[in-house]
Amino acid sequence: MRQENATSTDSPALPTFHGSLPMIDPEDVALLLVDHQSGLFQVVGDLSVPDLRRNAAVLAKVAGRTGMPVVATASVPQGPNGPLIPEIQEHAPQTVYVPARVRSMRGTARTSWRRSRPRGRSSSSSRAR
């Protein structure tokens with residue numbers, strides 16, 4: 001990672017590394033785009049769909065112009081989530097698509113917890129009586 005010397009006008013609240021501001025080195029970065037799918041954009045509540053598409057397109061443009069590696073993944077692109085938005089491939093043709101496998105909660109701590117619970121009625125169900 002490249003670094004520049006901090007100046008006296010820099011805010012003391014900024015994170016520094018031995019007196020230098022961190023700089024992003026284009027040789028050490030990649031862009032990961034997860035689930036940038038047309039169907040999923042419809043359920044995002046924080047931004048309008050046009051703003052969300054525009055923001056994703058800007059990220060893809062920056063990556064495309066700088067040659068930054070891009071990895072995109074999508075869950076069930078043939079289903080209701082839809083395919084990746086075309087702006088990604090349009091602006092960053094170097095994008096590598098990696099299919100996602102949705103495995104829900106298999107193999108997680110939650111399933112281990114469920115297997116370790118005693119079988120039969122739980123204490124909450126016996127209290128409800």
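This passage describes the parallel sheet, the nonpolar core and three buried residues of a predicted model.

The sheet is open and is formed by 3 strands in the order 3-4-5, with parallel pairing. Strand 3 and strand 5 (96-99) occupy the edges, and because each has a single partner strand, one side of each remains without a neighbour in the sheet. Between neighbouring strands of this sheet the average turn is 20°, with direction ignored. The pairing of strand 3 with strand 4 is parallel and extends over 4 bridges, and within it Val34 has Thr73 of strand 4 as its bridge partner. Strand 4 is likewise joined to strand 5 by 4 bridges, the two strands running parallel, and here Val71 stands opposite Val96 of strand 5. Together with helix 3, strand 4 and strand 5 make up a β-α-β unit, which is right-handed.

The largest nonpolar core comprises 13 residues, of which Leu31, Leu33, Phe41, Ala63, Val70 and Ile85 touch the most other members. Two or more residues are contributed to this core by each of strand 3 (31-34), helix 2 (49-66) and strand 4 (70-74), and the greatest contribution, 4 residues, comes from helix 2. In soluble globular proteins, nonpolar side chains tend to be buried together.

Val70, one of the core residues that touch the most other members, is placed in strand 4. With a relative accessible area of 2%, Val70 falls under the 20% limit and is therefore classed as buried. When residues up to four places away in sequence are set aside, the contacts of Val70 include Leu31, Leu33 and Ala63, and also Ala92, Gln94, Thr95 and Val96. Of these partners, Leu31, Leu33 and Ala63 are listed with Val70 among the core residues that touch the most other members, whereas Thr95 is located in a loop, as described below. Val70 is also 5.8 Å from Ala30, C-alpha to C-alpha, although the two residues are 40 residues apart in sequence.

Thr95 lies in the loop that connects helix 3 (86-91) with strand 5. The relative accessible area of Thr95 is 12%, and this residue is therefore buried. A polar contact is made by the side chain of Thr95, which reaches the backbone oxygen of Ala92 at 2.6 Å. Beyond residues up to four places away in sequence, Thr95 touches Val70 and Ala72, as well as Ile88 and Gln89. The contact between Thr95 and Val70 thus links the loop residue to a residue of strand 4.

Gln37 is found in another loop, the one between strand 3 and helix 1 (38-41). Because its relative accessibility is 0%, Gln37 counts as buried. A polar atom of the Gln37 side chain is positioned 2.9 Å from the backbone oxygen of Ser75. Apart from residues up to four places away in sequence, the residues touched by Gln37 are Ala74, Ser75, Val76, Pro77, Asn81, Gly82, Pro83, Leu84 and Ile85. Ser75 therefore appears both among these contacts and as the residue whose backbone oxygen lies 2.9 Å from the Gln37 side chain, while Ile85 is also one of the core residues that touch the most other members.

Methods:
Residues are numbered from 1 along each chain as its sequence is written. This is a predicted model: local features need pLDDT of at least 70, side-chain atom pairs count only at pLDDT 80 or more; totals for chains, interfaces and linings use all residues. Side-chain values use heavy atoms; hydrogens and water are left out. A nonpolar core is a set of buried Ala, Val, Leu, Ile, Met, Phe, Trp, Tyr and Cys residues joined through side-chain atoms within 4.5 Å. Buried means under 20% relative accessible area, exposed over 50%, partly exposed in between (1.4 Å probe, protein chains only). Contact means heavy atoms within 4.5 Å. Two strands pair if DSSP finds at least two bridges between them. Axes are lines fitted to C-alpha atoms, for helices over the stretch in contact, and angles run from 0 to 180 degrees between N-to-C directions. A polar contact is a pair of N or O atoms within 3.5 Å; within protein, one must be able to donate a hydrogen and the other to accept it, and residues adjacent in sequence count only if both atoms are side-chain atoms. A crossover is right-handed if, with the strands pointing away from the viewer, the path from the first strand over the helix to the second runs clockwise.
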